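Student: Got a minute to go through this one with me? I'd like to start with the core and then look at a couple of serines.

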Amino acid sequence: IKSTCIDLGKAVKGLVVFSPELEEVATGALTNKTPGPWMKASYPSLKPMLSYYGDFIDRMKFMQKWIRDGIPFMFWFSCYFFQQAFLTGVLQNFARSGKI
């Protein structure tokens, strides 16, 4: 997401050639639809681009805080791309700690 936004800014200034990927990102920005190149590398979402971007930033902040401050007391469950894997990990950690 970051690199396509930077490249889009350069393309608008005429420093980089508009590729089909950048064209799709630009169209998404103008129509408030999440671009395909972003969706290929991200979690599934039906949100419009502005809401998607805000949600993406919130998820990133949550993960960065987790890395910086350690395991949180409460988890934002919908933040995870694959919740079943998270729950499996929680169960495995609990079983290991209790020698089950």
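Tutor: Sure, here is a short walk through the core and two loop serines, keeping in mind that this is a predicted model.

Student: Which residues make up the largest nonpolar core?

Tutor: That core has nine residues: Leu 8, Ala 11, Leu 22, Val 25, Ala 26, Trp 38, Tyr 43, Met 49 and Tyr 52. Helices H1 (2-13), H2 (20-31) and H4 (49-69) each give two or more residues to this core.

Student: And which element gives the most to this core?

Tutor: H2 does, with three residues.

Student: What is Trp 38 in contact with, leaving aside its neighbours within four places in sequence?

Tutor: Ile 1, Thr 4, Cys 5, Val 25, Met 49, Tyr 52 and Tyr 53.

Student: OK, serines. Where does Ser 45 lie?

Tutor: In the loop between helix H3 (36-40) and H4. Its side chain reaches the backbone nitrogen of Lys 47 at 3.2 Å. Leaving aside neighbours within four places in sequence, Ser 45 is in contact with Met 39 and Tyr 52, and Tyr 52 is one of the core residues.

Student: What about Ser 78, which loop is that in?

Tutor: The one between H4 and helix H5 (83-97).

Student: Why does Ser 78 count as partly exposed?

Tutor: Because its relative accessibility is 41%, and partly exposed runs between 20% and 50%.

Student: What does Ser 78 touch, not counting residues up to four places away in sequence?

Tutor: Arg 59 and Gln 83. Closer in sequence, the side chain of Ser 78 makes a polar contact with the side chain of Trp 76, at 2.9 Å.

Conventions
Residues numbered from 1 in each chain as written. Predicted model: local features only at pLDDT ≥ 70, side-chain atom pairs only at ≥ 80, totals over all residues. Heavy atoms only, no water. Core = buried A, V, L, I, M, F, W, Y, C linked by side-chain atoms within 4.5 Å. Buried < 20%, exposed > 50% of the residue type's maximum accessible area, 1.4 Å probe, protein only. Helix = DSSP H or I, 4+ residues; strand = E, 2+ residues; numbered from the N terminus. Contact = heavy atoms within 4.5 Å. Polar contact = N/O pair within 3.5 Å; in protein donor to acceptor, adjacent residues only side chain to side chain.
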